[in-house]
Amino acid sequence: MASDTPESLMALCTDFCLRNLDGTLGYLLDKETLRLHPDIFLPSEICDRLVNEYVELVNAACAFEPHESFFSLFSDPRSTRLTRIHLREDLVQDQDLEAIHKQDLVELYLTNCEKLSAKSLQTLRSFSHTLVSLSLFGCANIFYEEENPGGCEDECLVNPTCQVLVKDFTFEGFSRLRFLNLGRMIDGVPVESLLRPLSSLAALDLSGIQTSDAAFLTQWKDSLVSLVLYNMDLSDDHIRVIVQLHKLRHLDISRDRLSSYYKFKLTRKALSLFVQKLGNLMSLDISGHMILENCSISKMDEEAGQTSTEPAKSSIMPFRALKRPLQFLGLFETSLCRLTHIPAYKVSGDKNEEQVLNAIEAYTEHRPEIASRAINLLFDIARIERCTQLLRALKLVITALKCHKYDKNIQVTGSAALFYLTNAEYRSEQSVRLRRQVIQVVLNGMESYQEVTVQRNCCLTLCNFSIPEELEFQYRRVNELLLGILSPARQDESIQRIAVHLCNALVCQVDNGHKEAVGKMGFVVTMLKLIQKKLLDKICDQVMEFSWSALWNITDETPDNCEMFLNYNGMKLFLDCLKEFPEKQELHRNMLGLLGNVAEVKELRPQLMTSQFISVFSNLLESKADGIEVSYNACGVLSHIMFDGPEAWGVCEPQRAEVEERMWAAIQSWDINSRRNINYRSFEPILRLLPQGISPVSQHWATWALYNLVSVYPDKYCPLLIKEGGMPLLRDMIKMATARQETKEMARKVIEHCSNFKEENMDTSR
């Protein structure tokens with residue numbers, strides 16, 4: 001069972017301040033530039049958190065608007081102290097780093113910040129005396145600068161950026177730098193000369209960088225403890241250099257087996273060299289490699305018994321020489337991961353759930369191409385088997401979706417996995433906070449990625465939640481996204497069907513304020529357009545029926561939406577659907593339910609007073625469609641029209657008395673014990689028909705409705721009737737001379753039912 005521990009006070013305060021910057025920490029100078037209030041002094045723990053959470057909000061919460069001058073809040077180290085910050089994506093530009101250049105940064109992670117140019121290289125020099133950890137992973141343009149425009153006027157007309165590669169920058173002066181990540185740096189950067197001034201590197205990541213001569217790595221053979229050469233095209237020369245780095249504790253020479261053709265094949269000899277020469281090795285990643293020779297022992301020779309991590313029992317022969325099990329061994333997309341005895345406490349692979357989750361955890365941040373394939377394996381596990389580490393799986397997928405919201409493969413596989421990880425089977429294991437995180441990333445995916453598969457997966461995942469309750473904290477946003485999906489340009493039937501179903505659920509059982517807001521967002525118009533399109537195609541399917549049902553729900557006790565329905569040709573669509581689909585009972589029920597809502601609005605009833613409409617409603621009194629529902633709703637519409645009195649009857653045909661007689665006949669034909677396909681949140685529209693003598697048939701319809709509901713569903717409707725003051729109204733009606741005797745008898749039975757219910761449920765405990 002997941003726990004719902006609340007957010008820490010620090011987290012809540014940080015979030016509030018970031019969403020209200022000019023009202024809390026700062027003020028706007030010249031209505032544009034943020035400045036820190038002069039009486040505020042913030043330590044590094046708070047400053048680091050503010051910056052890192054700001055980056056998270058910008059990347060993960062689509063509703064959060066970044067502020068252009070946010071980083072200027074931290075320009076003065078006398079009032080703010082930054083030490084460890086992680087910046088990512090296009091959020092960060094040259095001027096942002098320039099704004100904080102006076103800070104004594106110890107750790108600066110820049111990930112996929114493609115808007116940074118060579119100007120930021122100069123800013124990095126400002127941190128050279130304090131910087132211990134630096135990541136420039138994926139900052140592809142940071143080694144580019146704009147060439148002097150005067151020298152390339154003609155070329156600039158074709159290529160306005162006129163960018164040239166900076167080759168003279170080095171890490172000279174970065175005397176404290178120990179951890180450096182240059183992963184996915186653009187080709188042409190002279191890595192060897194760039195790194196030469198760094199005398200004491202402890203960790204180096206050169207992912208995706210190609211260098212034929214790796215001998216320069218030996219300058220750190222006495223200091224380097226971590227080396228990452230992911231997707232570097234290796235050779236035997238590289239292996240000879242690597243095994244000289246005797247202090248290595250973490251070595252990653254993994255590759256993406258799908259990205260390109262690699263000549264190098266990992267041999268049993270190479271693995272043996274790693275074990276023999278790198279005695280401190282605790283973590284090794286060889287994922288994606290083809291093993292040239294058979295490194296595993298035969299099934300017959302494997303040690304019997306339970307899976308073991310002891311090197312002596314290793315199914316991978318070279319690893320039998322290990323002094324101790326590895327902490328981590330990356331074997332994803334290799335044949336070795338399927339062996340029985342692997343001498344490592346944590347293994348990434350594709351053999352089972354544990355290995356797959358380890359792979360997602362290890363590769364999400366910097367290798368989305370690998371992580372997406374691991375998430376796809378998790379999808380299969382959740383779909384076919386049972387996920388035994390649900391919370392870990394959910395958190396990992398959420399992290400991947402947040403981290404790579406514009407990566408198609410991650411979004412497709414991640415959203416598909418979420419659908420299975422959030423279904424009813426796992427509901428009890430998930431906290432409210434975790435489920436809200438799922439909803440957030442699903443909505444982010446719908447907002448950021450307009451791909452059909454992603455949209456469908458996200459809509460299906462939302463169907464796993466209690467609607468509208470669990471979506472209410474994002475009510476406006478989810479409705480906007482769904483209405484966007486239902487725009488006429490989108491013709492994917494499956495998405496339409498799911499989105500209309502969600503829209504219908506979202507406007508059912510919510511307060512009138514929510515309904516009015518959604519109506520103003522274009523909900524009514526969107527549903528009418530869907531109905532019109534289906535009508536033109538002569539198709540009555542779930543989209544058509546759900547659309548009418550959604551209109552029924554959104555117009556309930558919401559006059560503005562009822563008026564919108566009439567103003568946008570809703571009555572014509574009603575008549576056309578009735579004519580085109582005469583046998584569709586559920587469609588008729590939904591349409592009549594909607595018109596019942598319209599008829600409850602006194603100001604709109606004159607628009608229903610036409611010979612055509614009155615004739616249609618009268619004829620539907622005799623309908624047997626969907627039990628009594630169509631007849632009942634038609635009678636409800638006419639009851640409200642009758643309630644306005646003879647002077648409001650503005651048509652010659654059919655005559656009021658004739659319609660009244662048909663209403664009496666219809667009501668008398670209904671079984672009082674009929675089970676209903678209807679859900680009343682309030683009896684107010686029915687109760688207003690009781691204290692009047694102008695239309696006895698309307699009074700009778702209202703009394704019949706109450707009698708039926710309190711008889712068949714006493715637990716639900718007796719308390720509602722008592723709460724809304726229905727009992728005194730019924731007693732007063734019994735005394736009225738204009739009320740029919742049969743109506744009075746029915747009213748007495750309603751009172752009796754509710755009185756008995758009240759007595760039976762009276763609390764007698766002391």
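This passage describes the sheet, a helix crossing, the pockets and the cavity of a predicted model.

Ten strands form an open sheet. Their order is 3-4-5-8-9-10-11-12-13-14, and the pairing is parallel. Strand 3 (84–88) and strand 14 (344–348) stand at the edges. Each has a single partner strand, so one side of each lacks a neighbour in the sheet. On average, neighbouring strands of this sheet are turned by 5° against each other, direction ignored. At one edge, strand 14 runs parallel to strand 13 (residues 326–330), and four bridges join the two. Gly330 has Ser348 of strand 14 as its bridge partner.

Two helices further along the chain cross each other. Helix 24 spans residues 629–642 and helix 27 spans residues 696–712. Their axes come within 9 Å and cross at roughly 140°. Helix 24 is therefore oblique to helix 27, as the angle falls short of the limit of over 145 degrees for roughly antiparallel. The crossing of helix 24 past helix 27 is left-handed.

The largest pocket has a volume of about 1400 Å³. Its lining comprises 40 residues, of which Glu7, Glu53, Glu56, Lys402 and Gln437 are the closest to the pocket centre. Several elements each supply at least two lining residues. The helices among them are helix 1 (9–19), helix 2 (44–60), helix 9 (353–363), helix 11 (390–403) and helix 13 (432–448). Strand 3 and strand 4 (107–111) also contribute at this level. Helix 2 provides the largest share, eight residues. By class, the lining of this pocket has 15 nonpolar, eleven polar and 14 charged residues.

The second largest pocket has a volume of about 750 Å³. It is lined by 34 residues; Asn59, Arg88, Glu89, Asp90 and Leu91 are the closest to its centre. Helix 2, helix 3 (94–99) and helix 11 each supply at least two residues of this lining. Helix 2 gives the most, with three residues. The lining divides into 14 nonpolar, eight polar and twelve charged residues. Helix 2 and helix 11 thus appear in the linings of the largest pocket and of the second largest pocket.

The structure holds one cavity of 30 Å³ or more. The volume of the largest cavity is about 40 Å³. Its lining consists of Tyr230, Ser254, Arg255, Ser287, Phe332, Glu333, Tyr363, Arg367 and Ile370. Four of these residues are nonpolar, two are polar and three are charged.

Notes
Residues are numbered from 1 along each chain as its sequence is written. This is a predicted model: local features need pLDDT of at least 70, side-chain atom pairs count only at pLDDT 80 or more; totals for chains, interfaces and linings use all residues. Side-chain values use heavy atoms; hydrogens and water are left out. On a 1 Å grid over the protein atoms alone, a cavity is a set of points where a 1.4 Å probe fits but cannot get out, and a pocket is an open set with protein on both sides within 12 Å along at least five of seven lines; lining residues have an atom within 4 Å of a point. Grid points are joined across faces, edges and corners, and a volume is the space filled by probe spheres set on the points. Ala, Val, Leu, Ile, Met, Phe, Trp, Tyr, Cys and Pro count as nonpolar, Asp, Glu, Lys and Arg as charged, and the others, Gly among them, as polar. Two strands pair if DSSP finds at least two bridges between them. Axes are lines fitted to C-alpha atoms, for helices over the stretch in contact, and angles run from 0 to 180 degrees between N-to-C directions. Angles under 35 degrees count as roughly parallel, over 145 as roughly antiparallel, 65 to 115 as roughly perpendicular and the rest as oblique. A crossing is left-handed if the near helix is turned anticlockwise from the far one by less than a right angle, and right-handed if clockwise.
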